[in-house]
Each structure stands twice: as C-alpha cells, then as structure tokens.
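Thank you all for coming. I would like to walk through one structure slowly today, and please stop me wherever a term is unclear.

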Amino acid sequence: MLENDPNAAHYPIDPDRLDLVEEFRRAPKGPHSDALQKVLHRMRWAGEPRRYVLIVIEPGRRWMLGRLPERRGGQIERLADHVFTDPADAEWEVFRRRWQAITGRVLPAERTV
Amino acid sequence: MIDTTAVLGYAWPMAVAPGETVSFHLSSETLAEAQLRVVRVRCADADPAGPGIRTTGPSSAIDGPIDLSHQPIHPGSCAVVADSAQLAGLGDFTFGCYLFPTLIGGRRQTIAARWNELRECGWKLELDEEAHLLLTIADGGRRWNVRAPKPLLEREWVLAAATVDLTGGTVAVHQASLARDGGRDRTGTATAAGPAAIAWPTATPLVLAAQGTGLDKPLRATSHHLNGKIDRPRLYAAALDAGRIGALVDALNPPNTDPALIAAWDFSRDIGGDTIRDLSGHRHDGILHQLPMRAATGANWDGRSNSWTEVPWQYGAIHFHDDDIADCGWKADRKLTVPADWPSGFYALELTAATGEGVSVESYVPFFVRAPRDRATAPLAVVASTATFLAYANSCLRLDQSHFEAMNEGLVLISGDDCYLSAHRELGLSTYDTHSDGSGVCYSSGARPILNMRPRGNTFNYVNDTHLLDWLEEQGIPYDIVTDEDIDREGARALKPYRVVITGSHPEYFSRPMLDAFETYQNAGGRHMYLGGNGFYWRIAFHPTAPGRIEVRRGITGTRTWEGEAGENTLSFTGEPSGLWRSNGRPPQRLVGVGFDAQVFDRSAAYRRLGDSFDPRVAFAFEGIGPDEAIGDFGLRLGGAAGLEIDRADATLGSPPNLMLLATADRIGAGGLPTTEEFRTTHRGLTGDQNARVRADIVFFETSQGGAVFATGSIAWCCALSHDGYDNNVSRLTGNVLRRFLDPRPFD
C-alpha cells in the first residue's frame with residue numbers, strides 16, 4: 001500500500017543553527033533558504049503525537065492553537081490560552097515548541113525582538 | 001466563533017428544476033428549533049478580505065421556525081439476506097467463504113450471522129478482538145463457542161468456515177491459509193461440544209459482514225461490521241469436513257442440483273448494482289447496505305487481467321468497511337416545490353439559532369436550482385461541479401494525513417466544520433480519504449450532510465466557485481446553473497442551449513459522458529471558458545441509476561492520496577477504466593488546451609503577457625490591459641491569480657495546433673511541485689524555481705463552427721475577480737472574453 005510515513009523525515013537539525021531560527025522568526029511564511037526548508041519539512045512531515053493545528057475562530061482575524069486527537073473519531077483539543085491575531089505568530093509558537101522537542105534548546109516565546 | 005454544525009442536513013435530490021420538489025433532511029443533537037430561510041447564494045466565502053457571505057432570500061413558503069430532532073447515522077456496510085424457512089430451519093450446517101481481513105484486532109467483527117443481539121440467539125462467525133475465528137451459537141439462555149487456535153493475518157486470504165453438527169453434538173471452526181510461505185500459514189481447526197438441538201430465532205435476516213441487532217431502522221439494525229473482503233460465501237445443510245468445505249467454497253458454480261446447498265453467493269454477478277446473487281436456486285439473493293466496494297479482486301485473482309469485465313469470475317469479492325456510508329436515511333423535515341420564477345443558482349437552507357451557551361448558529365444545507373427543463377433562461381451556463389464537490393465531500397485529509405501540513409507549507413487550518421468532522425466520522429469520508437482499514441474510499445454520495453459544499457465551508461471548490469457567481473452578479477450577467485450530473489445524464493443536450501458555458505475553479509472529476517458532452521458542445525460552435533485549474537483530470541462514473549453517487553479508482557499515477565489496489569482500478573458502476581484521463585487517451589489539454597502540471601500551496605503568482613496576446617485575433621481579450629502589466633498579482637488565495645493547482649499547454653498531450661499562448665505564470669518558486677505524471681524519473685530540479693514546466697498558462701483557441709475555448713489554468717483565478725472592488729485585470733480579461741464569447745458572431 002502507498003502510505004505516508006511520518007518517520008521518513010529524518011533531516012538532522014543542528015541545534016547551533018540559530019541563524020535558521022532567526023530566518024524563520026523574521027518571516028514564518030517564507031520564502032526560505034534551502035537549509036530552513038529542510039528543517040521545516042522535517043518538522044511538518046513528522047509533526048508530533050497529536051499534531052498542532054490552527055483552529056479558525058474568526059475567518060481571517062483570529063486563530064487558536066489546537067491539537068489533533070490521538071485517534072480517528074476523537075475531539076480536537078483547544079488551547080484556549082493561545083489565541084492569535086496573526087497566523088505568523090502561531091507558526092512561530094509551534095516552531096519553537098518543535099525546535100525544543102528536537103534539539104532540547106529553548107527559544108524565546110516572543111516572535112518580535 | 002459561529003457554530004456551523006449544531007444543525008446539519010442534506011437536500012434530496014441535490015439539484016432540481018423549477019416546479020420540482022426538493023426535500024430537506026435535518027438533524028440536531030442539541031437544538032429543538034431553528035429559524036429556516038431559503039437563500040440564493042452569491043458568495044459563500046466568509047473571508048473578510050473578500051466580498052464575504054452574500055445571499056439573497058427569495059422568500060419561500062417554508063421560511064420560518066422549524067422543529068428539529070436528532071437523526072443518527074449508522075455507518076458500516078453489509079449484505080442482508082431476507083429470512084426464509086430454510087435459513088430459519090437449519091439443522092446441521094456449514095458456512096464457509098474466503099476472507100481477506102483488512103483491520104484485525106481490537107474489536108469483534110462479524111463475517112456472517114443469523115443473529116439477534118437483543119435476544120442473544122442465533123449463530124455468528126466472527127473475528128474476535130485478537131483476530132481468531134470465533135463461532136457462537138445461542139438460544140437465548142444457552143451458549144456454545146469455539147475459537148480457532150491461530151490468529152489470522154491482515155491482508156492475507158484464508159478459507160474461513162464454521163460447522164454446526166447437532167447430530168454429533170459439536171461445533172467447529174476451520175481456517176486454511178492460501179499462502180503458506182514465510183510464516184503466513186494459519187491453517188487449523190478447532191472443535192468444541194455443541195448442543196444436540198437448538199431453537200433458532202425467527203424472523204431474523206442472514207447478514208454478511210455484520211450481525212443483526214434485533215432492532216429495526218431507523219435504529220441501528222446491524223453492528224460489528226467487518227473490515228475486509230469476503231469471496232464466495234456458501235451455506236450448506238450438512239456438517240462438512242475440511243476437505244469438502246474447501247471444495248464447496250472454491251467451486252465457482254457449486255451444483256444447484258445438490259439439495260443441501262442452501263446458498264452460494266456469487267458477488268461477481270450484477271457488480272454495478274446493490275444486489276448479491278445466490279446461485280443455489282433458492283433465491284437467497286441479498287441487498288447491500290451503505291455501498292461496500294464491489295469489483296474487488298477475489299482469492300483466485302491471478303493478475304491475468306486488471307478488469308472485472310474480462311475475468312468476472314476472479315472478482316467475486318466485496319470489500320466491506322465499518323465506515324461506509326451512502327445514505328443517512330433521514331426522514332424529510334421539509335419539502336419545497338421550487339417556484340417557476342426562481343432564477344437558477346446555488347441555493348441553500350439557512351438555519352439560524354443560538355446554542356444554550358448563547359453562541360450564534362448559522363448552518364447551511366445546499367441545493368442547486370437549474371433552469372426549467374424545456375428552456376434556458378440565459379445565454380450563459382455555469383457548471384456546478386457536483387462530481388468534484390462529491391469527490392471532496394467531508395474530506396478528512398487535514399485530520400488524518402501527515403502530508404497535509406508539509407503540502408500546505410504551514411500549520412493546518414481547522415474550521416469549526418473540521419472540529420465537528422473529527423469527532424463525527426459517521427458523516428462519511430471523501431474519495432481523498434482512506435477507510436479505517438487504510439483502503440481508499442472510492443465512492444461518495446450526496447445523501448448525507450456535506451460540510452464543505454455550502455456557505456462558510458472550507459475554501460475550495462464550492463466556496464471558490466461562488467466567487468465566479470459573485471462576479472457575474474456584480475457584472476449583471478445572468479446565468480443558469482447546470483450540474484455535472486445533468487451533463488452526465490443528458491449529454492450535450494444539457495449544454496446546447498447556451499452560447500457560453502463556464503467551468504469553474506476546479507472541475508477535476510469527469511465521467512466519459514461529461515467529456516463527450518463538452519467535446520460535442522465545443523465542436524458545435526459552443527464557447528467554453530475554463531476558469532480553473534486541474535480540471536478534467538480524474539475519470540469517474542456516476543452511478544447508472546442511483547442519483548448523487550460517484551465512483552473513482554485512483555489507479556497508480558497522478559496526484560493521489562491513496563493508490564488503488566492491484567487489479568481494482570476498474571469502475572464497478574460501469575466497467576470502465578478509471579484513473580487519469582491522461583492515462584485514458586484524453587488529456588485535459590485536448591479539451592481545453594491546458595492540463596494539470598503542479599501544486600503550489602505556498603504562494604500564488606502573477607501572469608505575464610506573451611507574444612500571442614498581441615495578435616489581432618485576440619485583441620478583444622486584452623482591451624484595457626497594458627503590454628507589460630502583471631496579470632493577477634493579487635487575489636484571495638495566497639496573493640496571486642496563478643496558484644494552488646495550475647495547468648500548462650502541451651502539444652504532445654493534445655493542445656491544438658491553433659492554440660494561442662496568451663500569458664503564463666512561469667515564475668513559480670520552490671513551492672511549485674510537479675505532479676507525478678509530469679516527470680519520467682526522479683531527479684533534482686523538478687520544482688518551480690528551476691522547472692519552467694511548473695507554470696500556469698492562459699490560452700485561447702477556436703474550435704469548429706465558430707466556437708472557441710479560453711482557459712486560465714489556475715484554481716486561484718476566480719478568487720482574484722473581486723480584488724479592488726472588482727476593478728482589476730483578472731476581472732477585465734475575464735469580462736472581455738465573456739462578452740465576446742456571448743456575442744453570436746462566429747470565431748474564424
């Protein structure tokens with residue numbers, strides 16, 4: 001069978017490449033360098049157990065971070081204390097969570113410095 | 001957040017003409033009442049950057065408050081054989097079949113049963129929680145079980161059988177693996193003590209791939225649905241040994257002269273329908289419920305042919321799923337006879353209320369009003385791409401598939417509808433999804449709520465197409481709606497009354513009668529505007545008799561979210577091959593000059609004019625557009641008119657010799673990813689930043705008898721029409737071409 005394998009994305013992320021973090025922080029929607037594209041592909045393809053998603057609260061205006069259920073048929077979890085008025089901020093929030101999960105390094109919560 | 005799911009419903013049929021009656025089937029788990037209003041849809045997109053939700057109320061006889069009730073949905077397919085004296089009066093007997101389980105473990109699944117769960121009596125052959133065959137017989141008080149010693153393997157054929165030997169006082173299960181290599185052999189038999197006599201239940205149907213609950217519809221009549229294929233099930237009035245069971249099941253035509261043969265179902269008969277045929281002579285024919293997949297390869301399929309029409313005896317299997325759904329079977333809550341003076345269009349029931357928490361409810365139930373059957377009311381027809389809407393109906397890709405975030409190049413956006421779908425899989429899947437056993441969904445039906453075919457739905461297909469309707473309303477250009485299914489049923493007759501026919505943002509799914517109709521229309525002087533991308537791509541069929549049902553088999557190429565199983569890529573509805581039209585000798589380029597080349601989900605692009613656009617032949621199209629003007633460097637879908645899915649011209653795929661390449665968007669970035677059929681081998685340099693074949697082309701060509709075709713080759717096109725108060729060059733080019741196409745003067 002033709003299946004998607006979330007474990008197939010195995011590009012090694014270098015914890016010291018903070019230049020890529022800065023590149024993403026400046027422009028979460030890109031365009032991105034080749035190296036950052038690879039980092040993002042690793043993160044996006046693999047996701048995490050109960051993948052992060054962005055729930056549309058008000059189209060074009062407000063979004064809330066959410067998590068998919070572990071199995072089909074479950075409820076989507078709403079992270080009500082993570083509401084965004086710019087989806088780029090949500091991209092940053094998930095990027096920093098994934099960066100920490102993969103590299104063990106903590107990134108600042110704020111996108112703009 | 002507006003609640004769009006507190007009340008849901010579907011209209012039946014999906015499309016009606018004035019004077020005809022449409023019924024509305026509604027359900028709410030939480031609301032006792034709502035306000036109902038029939039609306040004509042102008043724009044279905046809630047995006048505040050665009051025109052917003054725009055509807056008008058024609059004022060209907062059914063407008064007003066409506067009482068609501070909860071109508072559950074019971075998914076899961078099975079075959080039901082009506083009870084008979086022979087089935088009810090069995091003494092010693094054997095049931096056997098070939099079985100191909102596709103999701104084992106975790107829960108019980110019934111292979112065959114004449115069982116009443118309410119009274120706990122009858123017999124049933126199951127796969128238990130650990131994938132062991134399990135036979136149970138019971139008479140309401142006493143119960144006998146026998147369980148096979150070895151668990152079955154997923155996706156391996158096995159002979160599975162049960163015997164009840166009242167004479168000998170035993171019950172037994174028997175299994176024999178067809179492949180016995182590499183640790184696959186699960187052959188074995190188990191025997192246990194059984195009764196000398198038993199009282200079977202009365203008035204109980206025999207069910208294959210599920211068991212009876214003892215309840216009647218609208219309650220759940222069956223449960224414990226099977227995920228897997230069953231081939232050649234037989235019922236025999238004697239307790240057979242393993243050798244005779246094997247011979248009985250294996251025989252393609254067991255002799256109906258044998259009085260002990262009670263039933264021998266041949267699933268290769270009447271594959272296009274919903275009846276299963278019994279060869280025994282006792283007419284234990286059955287009815288299939290909720291559309292399990294037919295034309296499935298049987299245990300004897302040897303690969304000599306990939307089509308059930310050539311070797312039907314190798315297609316005696318049906319693939320059942322616990323999440324199949326074809327018809328919710330809800331009662332009609334309202335009926336509406338469409339008044340004669342209502343203009344054709346996209347319509348919907350608008351249902352409004354407030355939840356107990358004070359949240360506003362705004363939910364829509366879509367339907368389509370076509371022109372009166374005897375006449376057109378405008379020179380322009382817009383095609384409602386109902387085949388495509390059905391193909392995508394209730395897509396759960398963003399919930400289930402890990403590719404979606406990578407493809408989307410950003411976090412997956414989840415609407416309120418998606419939140420509801422996540423927890424309510426009973427609404428059924430789209431043909432993009434895979435069943436709970438991982439197999440592809442090949443059928444879709446409109447007899448269920450479809451959350452992404454209505455105002456406020458997710459932005460693709462239906463919602464995107466309403467940007468075209470919105471623009472036509474803004475321009476004051478009248479139109480009729482013709483649905484895909486009208487074209488499939490009526491052929492070119494459905495298009496003939498119109499000087500111009502527009503296919504919208506993504507007319508991706510086409511049946512052979514639909515393609516024939518468009519070719520005939522174009523070549524009889526018709527003018528066809530294709531204002532979308534990735535059109536005319538998949539070969540599908542509408543069900544030959546049942547309305548509102550389509551089938552696609554994904555085959556082994558194309559941008560596909562699942563791949564068809566070997567040998568299972570022929571349509572069960574018609575016996576035709578499925579897959580891409582490009583693989584069927586009729587690439588989209590032949591019909592509309594351009595065909596799908598790439599997906600672009602990171603950012604949309606603009607077109608630039610090419611040399612042909614300055615030819616006097618097309619001067620009409622570019623009035624008011626400068627020679628160096630970027631066309632469509634704006635739009636609601638990722639900032640450009642060329643994006644999402646894009647098409648290019650190619651003479652080798654059928655773009656006609658007189659085609660004029662007017663403009664192209666060939667500066668697509670690294671997010672432009674070519675579809676698999678666009679390259680021979682994998683190699684670097686395939687993406688849009690390096691590959692000029694990743695592009696959207698705008699083309700024009702004349703057909704015969706004064707007809708013409710204009711195509712824009714991008715899904716994002718229609719969503720750029722309203723930019724800057726509709727005063728923009730996408731709107732201008734579209735309007736210039738449409739006005740010339742509406743002009744009866746023939747093209748050369």
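Let me begin with a term that we will need several times: a residue is called buried when its relative accessible area is under 20%, exposed when that area is over 50%, and partly exposed in between. Please also keep in mind that what you see is a predicted model.

With that scale in hand, take B:Leu215, which has a relative accessibility of 31% and therefore counts as partly exposed. This leucine sits in the loop of chain B that runs between strand S17 (211-212) and strand S18 (222-223). Together with B:Leu118 and B:Leu219, B:Leu215 makes a nonpolar patch of about 280 Å² on the surface.

Now let us go from the surface to the inside. In soluble globular proteins, nonpolar side chains tend to be buried together. Here, the largest nonpolar core has 137 residues, and the members that touch the most others are B:Tyr607, B:Trp717 and B:Leu738. Where does this core lie with respect to the domains of chain B? Residues come to it both from domain 1 (8-72 + 336-369) and from domain 3 (380-385 + 461-540 + 582-742), so the core lies between these two domains. If we look at B:Leu738 and leave aside residues up to four places away in sequence, we find that it touches B:Leu380, B:Trp471, B:Leu472, B:Ile477, B:Val500, B:Ile502 and B:Met529. Another core, this one of 48 residues, lies apart from the largest one, and its members include B:Phe93, B:Ile111, B:Leu133 and B:Ala210.

Since I have mentioned domains, I should add that the assignment for chain B also gives a domain 2, covering 78-320. As for domains 1 and 3 of chain B, their C-alpha centres lie 31 Å apart, and 19 residues of domain 1 are in contact with 17 residues of domain 3.

Let me turn to charged residues. Side chains of opposite charge can pair when their charged atoms come close. Over all chains, the structure holds 71 salt bridges, and I have picked a few of them.

In chain A, A:Glu77 and A:Arg50 form a salt bridge through their side chains, with an N to O distance of 2.1 Å. This pair links distant parts of the chain, 27 residues apart, for A:Glu77 is in strand S3 (residues 77-84), while A:Arg50 is in the loop between helix H2 (34-46) and strand S1 (52-58). A:Glu77 is partly exposed at 31%, and A:Arg50 is partly exposed at 29%.

What does the salt bridge of B:Glu405 with A:Arg98 join? B:Glu405 belongs to helix H5 (residues 403-408) of chain B and A:Arg98 to helix H3 (residues 87-103) of chain A, so this pair joins two chains. The closest N and O atoms of the two residues are 2.7 Å apart, and both residues are buried.

In chain B, the side chains of B:Asp139 and B:Arg142 meet in a salt bridge at 2.9 Å, N to O; B:Asp139 is partly exposed at 25%, and B:Arg142 is partly exposed at 43%. Salt bridges can also be linked, as in the network of B:Arg512, B:Asp516, B:Glu519, B:Arg539, B:Glu576 and B:Arg586.

I will finish with helix H1 (residues 18-26) of chain A, in which A:Leu20, A:Val21, A:Glu23, A:Phe24 and A:Arg25 are buried. The buried residues of this helix pack against H2 and H3 of chain A.

Note on methods. Residues numbered from 1 in each chain as written. Chains lettered and ligands numbered in written order. Predicted model: local features only at pLDDT ≥ 70, side-chain atom pairs only at ≥ 80, totals over all residues. Heavy atoms only, no water. Patch = residues over 30% accessible without salt bridge, like charges linked within 9 Å, V, L, I, M, F, W, Y side chains within 5 Å. Areas by Shrake-Rupley, 256 points an atom, 1.4 Å probe, with all protein chains shown as cover. Salt bridge = Lys/Arg side-chain N within 4 Å of Asp/Glu carboxyl O. Helix = DSSP H or I, 4+ residues; strand = E, 2+ residues; numbered from the N terminus. Buried < 20%, exposed > 50% of the residue type's maximum accessible area, 1.4 Å probe, protein only. Core = buried A, V, L, I, M, F, W, Y, C linked by side-chain atoms within 4.5 Å. Domains from an automatic or database assignment. Contact = heavy atoms within 4.5 Å.
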